[in-house]
Amino acid sequence: MSATDPKPRLVVGIDLGTTNSLAAIRAGKGARVLRDRDGEPLIPSVVCFLPNGEMVVGRGAKDLRLQHPDRTVFSAKRLIGRAGAEVDREAALLPYRVHRGDRDLARIEVGGRDYAPEQVSAFVLQEVKATAESALGQRIDAAVITVPAWFDDAQRQATRDAAQLAGLECLRIVNEPTAAALAYGIDGSKDGTVLVYDLGGGTFDVSILRIDEGVFRVLSTSGDTHLGGDDFDQLLSERILAAAGASANDAYVLQAVRAAAEGLKIELSQKEQATLRIELQDRAPIDITIARAEFEAMIAPLVERTIACVHRAIADAKLTADDIDDVVLVGGSTRVPLVRQRLEQDLGRAPQTGVDPDLAVALGAAIQADVLAGNDKSLLLLDVIPLSLGIETLGGAMQKLILRNSTIPTSSTEEFSTAVDGQTAVVLNIFQGERELAQDCRQLGSFTLHGLPPMPAGLPRIAVHFLVDADGVLRVTATEKRTGHEASIQVVPTFGLSRDEVRRMMLDSIENAQQDYVAREAIDLRNKAQAMVTGTRKALALASLPPDQTFSVQKSARALEKLLQSGADAAALKVACDELSKLTATIADDVISSAVQRSLQEEQGSNTNPSAS
Ligand code: AMP
């Protein structure tokens with residue numbers, strides 16, 4: 001705060017939810033939500049594009065969804081920053097049209113007009129902003145916005161874009177569970193390990209956080225971007241459609257049944273059984289009664305999926321269930337009694353319910369907003385990255401520079417070199433994943449470092465620097481240290497990893513560990529053999545050995561090179577490497593031995609070479 005600006009800066013926290021959104025502001029030691037004129041804090045994340053060109057956002061739009069089913073867009077957050085192929089299954093169930101646009105990104109079409117999901121989110125954010133401004137009687141231009149912990153770069157970037165479109169400066173993207181824990185632990189008296197279980201409308205997140213004297217550290221995160229109350233509604237909708245003998249092809253029927261299913265579900269959180277009267281167009285009303293036990297049997301497999309994620313997060317944090325001091329619930333779907341029961345059964349303690357599960361995320365975001373505005377210096381927030389980041393090296397190995405679950409912001413630098421004499425450019429392929437081979441990981445981006453002066457292979461010293469900022473966005477810089485040439489890239493992939501992919505990639509890495517290890521060893525052996533051949537040649541040129549010794553070393557190096565060229569297997573390569581090694585080693589105190597060793601050390605010190613262009 002400067003002397004000319006004595007008033008604290010006003011920054012709100014916004015929970016941009018799949019189902020509902022809301023804003024909150026710091027108030028005293030805690031925070032308070034900003035309500036609309038009717039005292040409602042939740043703004044449905046729904047936009048209705050009327051045929052006359054007008055647009056209605058929030059509760060009004062939700063009310064219009066039966067009248068204009070194919071013009072009312074909800075759950076846009078499920079589509080944001082994602083490829084059409086990734087959302088095909090969901091799109092089939094949505095009453096509005098979703099298609100694949102540029103770069104295969106999911107787009108929404110309403111009344112012949114095309115919208116990006118971030119535009120729809122921007123309309124929701126504008127409504128949240130207007131509500132907050134009228135509650136405060138003041139203009140707002142900056143916010144902290146929350147996203148699920150497993151949102152990838154593209155989804156985070158798309159959320160930032162939505163904020164910008166809505167006229168808001170996004171000061172920070174914060175993970176939802178982290179924000180919730182912030183709301184929960186604000187008084188600082190609750191040091192310990194907290195498990196945040198966040199089951200909302202469309203996504204599930206679980207995070208393990210360590211709270212220590214006002215410092216929040218995320219130890220691990222896990223979850224599923226395709227799991228939430230919407231899925232409970234979907235199962236109930238199918239049950240209702242079957243009972244009503246109606247088809248799922250009609251947009252009106254779909255919207256009506258979904259709305260009814262949600263009402264029924266909420267009632268079942270309170271009662272042992274609930275009855276629904278459904279009136280479909282041109283049909284007599286039908287009463288459908290569903291018992292809580294039946295509903296619980298339907299959703300049990302989904303709840304078990306969340307419990308499996310809880311176990312994974314605990315294991316990733318290298319803890320056991322006994323180490324968890326508190327369980328915090330976030331998201332409307334945690335009001336389902338079965339969810340609470342299963343958590344209590346599994347973790348041996350009742351979850352905390354002191355924080356309102358619908359408001360916790362926004363309240364925490366407001367506290368973080370206040371910290372970023374510079375008004376509160378007592379808190380520090382640390383987050384982690386979900387999957388390892390690295391580059392492809394010669395032979396297709398994945399060299400990890402930043403390991404998964406590293407606290408962000410984080411950075412790492414490693415040195416590489418070239419594989420071919422006279423190489424003037426190197427291509428850097430950036431990957432994310434847990435497997436040993438790049439082909440089994442997900443490519444995030446690629447760039448070229450040009451302008452290297454032609455040098456013998458192995459001589460250029462290319463420092464590759466990975467920097468993940470506080471928002472989880474990766475920036476990669478490559479510098480050739482001898483010449484100072486530099487190139488860099490900010491990694492915003494065309495579309496990122498879906499959480500299901502993340503989970504699959506992690507499972508894959510465990511299942512294929514042995515096979516990967518063998519493949520990785522083979523690549524390392526080839527790189528070592530190549531380095532030995534090059535090193536021996538260079539050293540021979542410098543040394544003045546007796547001709548017979550020179551001849552036998554040359555012969556052995558040539559044999560090894562031939563094996564390399566013919567793609568020989570690891571066993572044959574190893575024998576040839578050992579032989580060359582023996583020959584160079586027996587020439588005691590000789591220049592070859594020391595030069596080869598030096599050359600090898602250099603190679604190993606600077607790792608294997610990045611893919612040559
Ligand atoms: P959120 O994304 O956190 O706003 O959560 C919204 C989800 O919570 C929606 O699927 C709601 O239907 C669901 N929800 C809200 N209240 C209840 C309740 N009392 N019982 C069951 N689900 C609820």
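**View 1. Polar contacts of the ligand in the predicted model**. In this predicted model, an oxygen atom of the ligand lies 3.2 Å from a backbone N or O atom of Ser333. The side chain of Glu262 places an N or O atom 2.7 Å from an oxygen atom of the ligand, and a nitrogen atom of the ligand is 3.4 Å from an N or O atom in the side chain of Arg335. Of the 500 Å² of accessible area that the ligand has on its own, the protein covers 87%.

**View 2. The ligand in the largest pocket**. The space that the ligand takes up is the largest pocket of the model. Two elements, α6 (229–244) and α7 (251–268), give two or more residues each to the shell around the ligand, and α7 gives the most, with three residues.

**View 3. The residues of the shell around the ligand**. The ligand is surrounded by 15 residues, of which Gly201, Glu262, Lys265, Ser269 and Gly332 are the closest. Sorted by class, the shell around the ligand holds nine polar, four charged and two nonpolar residues.

**View 4. The two domains that contribute to the shell around the ligand**. Domain 1, which comprises residues 12–228 + 300–382, and domain 2, which comprises residues 229–299, each supply at least three residues to the shell around the ligand.

Key:
Residues are numbered from 1 along each chain as its sequence is written. This is a predicted model: local features need pLDDT of at least 70, side-chain atom pairs count only at pLDDT 80 or more; totals for chains, interfaces and linings use all residues. Side-chain values use heavy atoms; hydrogens and water are left out. A residue is near a molecule or strand if one of its heavy atoms lies within 4 Å of it. A polar contact is a pair of N or O atoms within 3.5 Å; within protein, one must be able to donate a hydrogen and the other to accept it, and residues adjacent in sequence count only if both atoms are side-chain atoms. Accessible areas come from the Shrake-Rupley method with a 1.4 Å probe; for residues, only the protein chains shown count as cover. On a 1 Å grid over the protein atoms alone, a cavity is a set of points where a 1.4 Å probe fits but cannot get out, and a pocket is an open set with protein on both sides within 12 Å along at least five of seven lines; lining residues have an atom within 4 Å of a point. A molecule sits in a cavity or pocket if more than half of its atoms lie within 2 Å of its grid points. Helices (H or I, at least four residues) and strands (E, at least two) are DSSP runs, numbered from the N terminus. Ala, Val, Leu, Ile, Met, Phe, Trp, Tyr, Cys and Pro count as nonpolar, Asp, Glu, Lys and Arg as charged, and the others, Gly among them, as polar. Domain bounds come from an automatic or database domain assignment.
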